[in-house]
Amino acid sequence: QVQLVESGGGLVQAGGSLRLSCAASGSIFSINSMRWFREAPGKQRDLVAAITSGGGTDYADSVKGRFTISRDNAKNTVYLQMSSLKPEDTAVYYCNADVVRINGYEYRYWGQGTQVTVSS
């Protein structure tokens, strides 16, 4: 089995910064794309940022210039550096990853989520 474990969430004032981490473990051969989503109360889960195995990145317009996604392939970990945080960034943040398992098949896995709260 494969697990994704997020960490780094918390309470921060507007204008502050947080760094989220998501580590994958288990029967992993390789990982293709990794992503961060967020879900605010009463809203749908939206894509925040994505990164390919080669390092190509994409961002939601609402976070461009403020958030940076990166990964450490040796550690099977994806990061989300969040700066200039706004109250509207408050949400549960989830990571997901397209994992190629030892059997050669690709599966998509989700983390359990980590709460980010930005106070005004």
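How many disulfides does the rule give here? The count comes to one disulfide, a disulfide being a pair of cysteine sulfur atoms within 2.5 Å.

Before the details, some ground rules: this is a predicted model, where local features need pLDDT of at least 70, side-chain atom pairs count only at pLDDT 80 or more, and totals for chains, interfaces and linings use all residues. Residues are numbered from 1 along each chain as its sequence is written, and side-chain values use heavy atoms, with hydrogens and water left out.

The disulfide joins C22 and C95, with the sulfur atoms 1.9 Å apart. This pair ties distant parts of the chain together, since C22 sits in strand β3 and C95 in strand β9, 73 residues apart. The C22 and C95 link is right-handed, with 45° about the S-S bond. Both C22 and C95 are buried (under 20% relative accessible area, with exposed over 50% and partly exposed in between; 1.4 Å probe, protein chains only).

Strands here are DSSP runs of E, at least two residues, numbered from the N terminus. A few of them, with their ranges:

| Strand | Residues |
|---|---|
| β1 | 2-7 |
| β3 | 18-26 |
| β7 | 67-72 |
| β8 | 77-82 |
| β9 | 91-101 |

On to the sheet: four strands make an open, antiparallel one in the order β1-β3-β8-β7. β1 and β7 stand at the edges with a single partner strand each, so one side of each has no neighbour in the sheet. Two strands pair if DSSP finds at least two bridges between them; β7 and β8 pair over six bridges in the antiparallel sense. One of the bridge partners is T77 in β8, which goes with D72.
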